[in-house]
Each structure stands twice: as structure tokens, then as C-alpha cells.
Amino acid sequence: MPLTALLEGREVLDATLDDLGRATGWEAVYRARPRAALSCTACRMPMHAKVSGRGGRFFAHDRRSPSCASAGETEEHRSMKRSLAAAARAAGCQAELEVTADHGRWRADVLVTAPGRGLTVFEAQFSSAPLDDVLARTSRYRDDGMAVVWFTHRAARWLHQVPAAQLFRPSGPDRPWERVHPLVHGFSVVPCGEVCDPQPPWHGPVHASWFLHHEELLLARFVADVLHGRLVPHTCAAPWGAHYDGWAAPEDVAAAAAHARAETPPDSSDPAGGRGHGSHHSSRPGSARR
């Protein structure tokens with residue numbers, strides 16, 4: 001049951017916006033007489049406006065449509081999508097919900113346009129999705145030039161396989177998603193003499209390492225930092241490919257790369273070359289439709 005619907009087959013209505021994104025009040029579609037001509041943005045089947053027991057607005061199919069891409073969503077899932085869209089809008093970005101590509105290979109939970117930084121997809125994942133499915137969906141977004149960030153409340157096995165964030169459940173069933181588990185890493189270079197006294201002869205001149213900031217984040221702050229490039233995925237080299245280890249500031253990624261280059265002999269390959277990258281955004285937009 002989605003958060004968007006087509007009005008008379010043309011205009012997209014967004015239940016997360018006060019004016020539904022079309023200067024239309026909720027009363028114009030909810031229990032209105034004559035009934036508003038609503039249809040699903042995914043399957044085009046007839047829909048009607050509803051309000052959940054928690055007060056959340058959404059749209060539902062007139063007849064159950066198990067084959068529709070939006071079928072089976074829970075109020076909790078819709079609540080997370082609302083929170084992600086709200087955080088993106090608070091960061092000064094445009095957020096569209098439930099956008100389907102023209103070629104039909106993907107349907108984004110939240111498609112965000114950040115000024116000067118291209119498109120980013122936010123995926124709210126509630127089910128225990130297989131790793132292969134998450135990787136395949138991530139690849140489809142990237143093939144169209146878009147970044148993607150996955151959000152879940154689970155300790156999912158794919159949290160370190162794709163750019164992702166784990167959220168704490170809200171404090172109450174009617175509360176928004178607001179808190180993110182600690183996931184920001186920093187890079188530190190400290191002279192050995194400041195750490196070890198006396199300095200062991202087998203130590204180098206400095207201690208250089210990544211460390212985790214253990215404080216929680218507010219979702220709004222995390223989303224704003226990601227969308228504006230103040231946080232980027234922190235990747236580490238692994239035998240099976242890139243391993244995502246949370247997020248880091250671009251300056252920490254650059255400092256780690258510079259240190260690795262300084263420590264690597266000229267005739268050796270750089271073992272830390274996959275430590276991180278400066279940005280996960282692309283300015284090449286993907287083609288999409290509602």
C-alpha cells in the first residue's frame with residue numbers, strides 16, 4: 001500500500017506532503033464525494049485514500065493486487081519512507097516517493113535530488129532480503145548513474161556489502177524514525193611517542209588507524225551530511241571485493257589514502273587503495289517515471 005497515487009491518470013499525489021504535491025487538500029481525495037479517480041503509480045489499478053490506525057495517510061488498492069510492486073507494505077515501512085523523505089527535504093533537497101524507471105528495472109522508495117550532486121536513492125528495507133537481491137538492486141541503480149543508501153532496523157548481513165545505515169526503532173508506534181546506530185569512522189595519525197612511553201623499538205614513528213565515533217546520530221543530520229557530501233561510504237579492501245565499514249568524512253578518507261601512499265614502497269601495489277572514495281554521488285541522472 002503506497003504513499004503515492006495518480007489522480008485522473010496524470011497527476012502524482014504524495015500523501016507525505018500537506019498539499020499532496022499538487023496544491024490539493026487531503027479532504028479532496030479522502031472520503032470525497034464524488035469519489036476521486038485515483039490509480040496506482042505502479043500497476044495503474046484503481047485506488048482510494050486511507051488513514052492508518054496510527055494516523056498515517058496512504059493509498060490502497062480497491063482490490064488486493066498481490067502482483068503490484070507496492071503490495072504488502074506495512075505501516076512501519078511507510079513510516080520509515082516518510083521519515084527518509086522528510087529528512088531529505090529538511091536538508092534542502094527534492095524527495096519523490098515510489099518512483100519507477102521508464103525501463104522498469106527499478107522502483108525507488110525515495111528518489112532524492114540534491115542541488116549540484118545528482119540523484120540518490122534511499123531504500124527502506126524491512127524484510128530479511130537476500131544479499132544477492134540487495135546487491136543486484138544496488139547495481140541497477142548505479143547502472144543508471146545514481147547513488148543508493150539502504151536503511152534498515154535489522155542487523156542485516158548486507159550492512160557491510162552496500163552503503164547502508166541501521167536505524168533504531170522509534171520510541172512509540174506513532175513516532176517517526178529519528179536515530180541512527182553509530183556508523184561514522186575517523187582516521188587518526190598520532191606520533192608513537194605520544195602513545196607509548198617508552199617507545200618500543202619495533203614500533204614505527206606513528207600510530208595510524210581508523211576508529212569509530214561511538215555516539216548515535218540523528219537521522220536528519222546523517223541524511224543531510226550524506227546528501228551534501230560531508231559523509232561518504234568508508235570502504236576497506238577485502239578478498240571478495242569492497243567491504244563497507246560505515247561512513248567517514250572525505251578529509252579522513254583523503255588522509256588515510258595519503259598515509260597509505262607514504263607507507264607504500266614505490267615498487268609495490270597500494271594495499272589500501274580501496275580504503276575509501278571521495279564521493280558516492282553521480283551527476284548523470286537516470287530516467288524515471290511515476
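Which residues of H1 are buried? In this predicted model, the buried residues of H1 are Glu-75, His-77, Arg-78, Ser-79, Met-80, Lys-81, Arg-82, Ser-83, Leu-84, Ala-85, Ala-87 and Ala-88. That makes 12 of the 16 residues in the helix, so H1 counts as mostly covered, buried here meaning under 20% relative accessible area. The cover can be traced to particular partners: the buried residues of H1 pack against strands S5 (57–61), S6 (94–101), S7 (107–114), S8 (118–124) and S9 (147–152), and also against helix H4.

The length of H1 can be checked with simple arithmetic. Helix H1 runs over residues 75–90, and its 16 residues should span 22 Å at 1.5 Å a residue; the end C-alpha atoms are 22 Å apart, so the model agrees with the expected value. After the helix comes Gly-92, which has a positive phi, near 85°.

Helix H5 (residues 250–263) invites the same kind of check. This helix has 14 residues and reaches 20 Å from its first C-alpha to its last, close to the 20 Å expected at 1.5 Å a residue. Its buried residues are Asp-252, Val-253, Ala-256 and Ala-260. Why do these lie on the same side of H5? They cover an arc of only 105° around the axis, which puts them on the same side. On the other side of H5, Glu-251, Arg-261 and Ala-262 are exposed.

Attention now turns to open space in the model. The largest pocket holds about 320 Å³ of space. It is lined by 17 residues, and those nearest its centre are Ala-69, Glu-73, His-77, Asp-109 and Arg-137. The elements giving two or more residues to this lining are H1, S7 and S8. Strand S7 provides the largest share, with three residues. Two of these names will be familiar: both S7 and S8 are among the strands against which the buried residues of H1 pack. His-77, too, has appeared before, as one of the buried residues of H1.

How much confidence does the predictor attach to all this? The mean pLDDT of the protein is 88, and 91% of its residues reach 70 or more. Among the elements, helix H4 (residues 219–227) has the highest mean pLDDT, 98, whereas strand S17 (residues 288–289) has the lowest, 56. Over residues 270–285, pLDDT stays under 50, and for this stretch the model has 46 contacts beyond four places in sequence. Where pLDDT is low, the predicted coordinates should not be read in detail.

Notes. Residues are numbered from 1 along each chain as its sequence is written. This is a predicted model: local features need pLDDT of at least 70, side-chain atom pairs count only at pLDDT 80 or more; totals for chains, interfaces and linings use all residues. Side-chain values use heavy atoms; hydrogens and water are left out. pLDDT is the predictor's confidence in each residue, from 0 to 100. Helices (H or I, at least four residues) and strands (E, at least two) are DSSP runs, numbered from the N terminus. Contact means heavy atoms within 4.5 Å. The expected span of a helix is 1.5 Å times one less than its number of residues. Buried means under 20% relative accessible area, exposed over 50%, partly exposed in between (1.4 Å probe, protein chains only). The arc is that of the directions from the helix axis to the C-beta atoms. On a 1 Å grid over the protein atoms alone, a cavity is a set of points where a 1.4 Å probe fits but cannot get out, and a pocket is an open set with protein on both sides within 12 Å along at least five of seven lines; lining residues have an atom within 4 Å of a point. Grid points are joined across faces, edges and corners, and a volume is the space filled by probe spheres set on the points.
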